Amino acid sequence: MQSRLLCFSGGPAARRVRLILRQVARGRLAAERQLQPEVRALHGPGAAAGDTVTIGDVSFKLKTPKSPELVPLNYMSDNLAQSVVQHLRWIMQKDLLGQDVFLIGPPGPLRRSIAMQYLELTKREVEYIALSRDTTETDLKQRREIRAGTAFYIDQCAVRAATEGRILVLEGLEKAERNVLPVLNNLLENREMQLEDGRFLMSAERYDKLLQEHTKTELDGWKIVRVSEDFRVIALGLPVPRYSGNPLDPPLRSRFQARDVYHLPFKDHLKLLYSVGSNVSAQRISQLLSFATTLCSQESSTLGLPDFPLDSLSAAVQILDSFPMMSIQDIIKWLYPYHVLLGKEGRTAVEDALKRFELQDSESPLLPSRIKKVERIHGSKTLQADVTVQIAEKEVKFQVPAGTRSLKLCSGSDTFIKTSSHKQLLAEMMQSHMVKDMCLIGGKGCGKTVIAKEFANMLGYNIEPVMLYQDMTARDLVQQRYTLPNGDTAWRPSPLVTAALDGKLVILDGIHRVNSGTLAVLQRLIHDRELTLYDGTRLLREDRYQSLKDELQLSDKELQQRSIFPIHSSFRIVALAEPPVIGSSTKQWLGPEFLTLFLFHNVKSFTRNEEIQVIKEMIPNVPTVAVEQLLSLTHKLRETNDPTAQSLASSLSSRQLLRICRRLSQYPDESLYHAVNKACLSRFLPNLARSALHKNLLDSGIEINPEDIRKQEEKDYSCEIHNGFLRIGSATMPIYNPNEKMKVPDVLFYENTQHMMVMEDMLKDFLLGEHLLLVGNQGVGKNKIVDRFLHLLNRPREYLQLHRDTTVQSLTLQPSVTDGRITYEDSPLVKSVKLGHILVIDEADKAPTNVTCILKTLVESGEMVLSDGRRLVANPANVDGRENVIVIHPDFRMVVLANRPGFPFLGNDFFGTLGDIFSCHAVDNPKPQSELAMLRQYGPDVPEPILQKLVAAFGELRSLADQGIINYPYSTREVVNIVKHLQKFPNEGLANVVRNVFDFDSYNNEMRDTLISTLHKHGIPIGAKPTSIQLAKE
């Protein structure tokens, strides 16, 4: 089906030309041949007031700008494409008519650059705002600020543009929430607007008429403000419904004049690419462009293929210019990662198109294999490094931006083992780094963060990790409000903005989680290296900042007073993301708009040999047989097409395998079978998945050794404290000497073998430096085990309970108002990080997983930014005299408690999202013998037969719950409550007391019948009738 749609008759060349003419020209080429205007202008520093800019037959008289620093610079190029000149001429016509314009077209920076070129050409000042789903009326009109205890209003972009006669550029109208933009309707139509501070904006015509009858003082007294006759609006948006977003409101749409700004026509684009890639053969460039244009055609979108990011082609041609021998198909994968983005049909269609344009590789594609050396270039103005990469037998040297620290090619980090695929990926990242920001796509725990850090080390970059989460707002990304000690409001730049100014490498971790409407604020930063902040500060690309400085003869200090700062030339972004879920409506985050932002690299899972190499180099004394068996199991699960087995493979990520091997190297006599079951949390897997895991374990030669079971049963699981050391089973650890003894938990705990086994397991992981996750049904004693564990270790704890409304802010800080100003109190999380306490996070599955995922940065990279601007860092060496840095105490640890995933628990799948960054322990109800021993301690006077009946009955009910016959998993907590009642009131009948638990089910007839028959079987006479024969004595 797909290949037929992309087939055309005739010879290849004729076919290609016909295809392009049909798809790209779109009926405009004929018109352009008749009308080929040229731009005759004095643009550049020489253009003065009174000069005229002429495009074809349309002329515009220049005025002197009041604030020349707000006029866009360096957007015009010497030879403009003819199609762009057509657009500029049209905008000029509309400008002369006094009409507002809407440039509509596919995603990419073209529409924005045309708007900026027009403003540069006509010397107009710009007020730019990127709309997002977080934009409100106050961002457009007026915002309230507090100074010296008094509230007053500050004009925002729309009001400033109207009163000062600037051009308001609104980008991304489809991102704004509905009913936000109508606040501009009257300003667009009649040039009128009522402001919050009581002033009224009035059109120039009407104001001038009033001025003939009244004085300016009178009009000022009436709070009437004149809207400049030079004020215009240029809106930039995508066509909805073809792209996602909110459709235009009809009253708003009717106030604009629209112009379709499609991609550059084939001829113009080809000319542009030729100028970029002089070393690349013209034929290869035209094949590449033809292929890309085909994927943007109407036919391709009917197939469900997202648009090819045509604007990124110049970046690809730049890479090809330095590496003419390189495989084009692989570069296309960086621009358009169709192998992760599309399903089978889509991939076939793309591969057919590659064949059609002769872009498919021969058998062995030429790719860079490794980085040979990295040297800093001394004496250049910007920080740069020479990188030598080996590709086939050749070595190619090229220049890339470098960071501010010294370079480390042979990185001293012992945690990074260079496998051949990582060497190749780092070499490819260097090539991308030469031209554009990049995004690494790979599954959980496959090493994205480690690779990004290694890349930064090689080039001497300081890293700024930014953890992204689902309900993150545009303000969290760019700039946040806070109050000064005297109660005044102020703005704090986000880590992303400070990194841009300091030339750091920003790692945007989890970019797949963020709403696309929020990411819209970063588009201009990524495409143009420019950013306008909420407080009016403007960040400019370094060359534009330099031109502005030279043209206006201003010093850095003067420009900073006007809130203009340069973005460091070394600043780069590396985004990390998990692969999109093909066919999913919510998890298909990689859309046409996102494709224009980055070059994409796929971080593949290790091959088996590479994984063995990594494990053996990181953990030298791990038993070889165990590693072989473990990896044969993992790769069997990863390579299968069975979705059940694949879900198990995600629990055995590289991160989790390293954890299992660390544990085996420390405790070599432990069972691998037990370790894998623990990592997959097999106790709570559905039956199908559990049997699949069991089968795969047997196939890989991992099985339960009867000898191990016997040893386990004979083992002494007691605990004792001797000479300042705690021993649980066979694990020992020195007892802690805390400063805050009152925070050490003390709880009533009756020891039983099963709980002691869990605690021994926890202690072993604790000694290895792991954070712990305890998962189990309700009432099995998770809290008791943790409290007892910490009591024995003498460790103070901080307790945090999560719930549905937990936010990222409430996890880290609790705001309160003191003497009229907002202060932040540290949450238990921050306290435990500072003081080295154990943080117990309870009910972790109740909070949204997009909130709890910020724990990943804390556990993984030991860095986290708090909402008041402070930062947690693990390594004291990273403080470097920075302010607001809290060093994470070496004794800090997290113990997380969660219910098991799935019905009847109504929580989120915490284990599925974050399970592989913790060491997981399944907590189950005690076995009959352990439970009986414990109940005897709770009810010493309760007759033994009654205890036995209860244990047997509840044991059977639990096995029914495991089989899925009943929903509710009856737990030890319920039995303990029954025994406590019988101990206190021994004369009450057993049948009466068990109703305290089972009355919940008295209205569900089916459930009630199952319960009654089970309890009768064990001699508990609940709901007895004369017909209940099994209760009769023999």
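This is a short talk on the fold, the cores, the salt bridges and one surface patch of a single protein.

Hi everyone, and thanks for coming. Before anything else, please keep in mind that we are looking at a predicted model.

Let's begin with the whole chain. The protein has 1034 residues, and 55% of them count as buried. Its secondary structure comes to 46 helices and 39 strands. The radius of gyration is 34 Å, close to the 31 Å that the globule rule gives for 1034 residues, so the protein is as compact as a globular protein of that length. If you draw a box around the C-alpha atoms along the principal axes, you get roughly 110 × 75 × 60 Å. Now think about who touches whom: among contacts with a separation of 6 or more, 72% are between residues 24 or more positions apart. As for the outside, the protein exposes about 45100 Å², and carbon and sulfur atoms supply 50% of that area.

Let's go inside. The largest nonpolar core has 151 residues, and those touching the most other members are Phe291, Phe308, Tyr336, Leu508, Phe598, Leu829 and Met894. Take methionine 894 as an example: setting aside residues up to four places away in sequence, its contacts include Leu839, Ile841, Val859 and Phe918, and also His771. Apart from this core lies another one, of 34 residues, with Ile615, Ala645, Ala649 and Leu658 among them.

While we are in the interior, have a look at histidine 433. Is histidine 433 buried or exposed? It is buried, with a relative accessible area of 1%. You will find histidine 433 in helix 19, which covers residues 420–433. Beyond its close sequence neighbours, within four places, histidine 433 is in contact with several residues, including Pro401, Phe455, Tyr461 and Arg572.

Next, the charged pairs. How many salt bridges does the count come to? The count is 66, and I have picked three.

In one, glutamate 69 pairs with arginine 562, with their closest N and O atoms 2.9 Å apart. Glutamate 69 is in the loop between strand 3 and helix 4, while arginine 562 is in the loop between helix 26 and strand 24, so this pair ties together parts that are 493 residues apart in sequence. Glutamate 69 counts as buried, at 14% relative accessibility, whereas arginine 562 counts as partly exposed, at 39%.

Another joins the side chains of arginine 481 and glutamate 145, at 2.9 Å from N to O. Here arginine 481 sits in strand 19 and glutamate 145 in strand 6, 336 residues apart. Glutamate 145 counts as buried, at 4% relative accessibility, and arginine 481 as partly exposed, at 28%.

My last pick is lysine 743 with glutamate 798, at 2.6 Å from N to O. Lysine 743 lies in the loop between strand 29 and helix 35 and glutamate 798 lies in strand 31, so the pair connects parts 55 residues apart in sequence. Lysine 743 is partly exposed, at 26%, and glutamate 798 is buried, at 6%. Salt bridges can also share partners: Arg663, Glu670, Lys678, Glu760, Asp761, Lys764 and Asp765 are joined that way into one network.

Finally, back out to the surface. Which residues form a nonpolar patch there? They are Val817, Ile822 and Tyr824, with about 270 Å² of accessible area together. Valine 817 belongs to strand 32, residues 813–818, and is exposed, with a relative accessible area of 64%.

That's my tour, and thank you for listening!

How values were computed. Residues numbered from 1 in each chain as written. Predicted model: local features only at pLDDT ≥ 70, side-chain atom pairs only at ≥ 80, totals over all residues. Heavy atoms only, no water. Patch = residues over 30% accessible without salt bridge, like charges linked within 9 Å, V, L, I, M, F, W, Y side chains within 5 Å. Areas by Shrake-Rupley, 256 points an atom, 1.4 Å probe, with all protein chains shown as cover. Salt bridge = Lys/Arg side-chain N within 4 Å of Asp/Glu carboxyl O. Helix = DSSP H or I, 4+ residues; strand = E, 2+ residues; numbered from the N terminus. Buried < 20%, exposed > 50% of the residue type's maximum accessible area, 1.4 Å probe, protein only. Rg over C-alpha atoms; globule rule 2.2 N^0.38 Å. Contact = heavy atoms within 4.5 Å. Core = buried A, V, L, I, M, F, W, Y, C linked by side-chain atoms within 4.5 Å.
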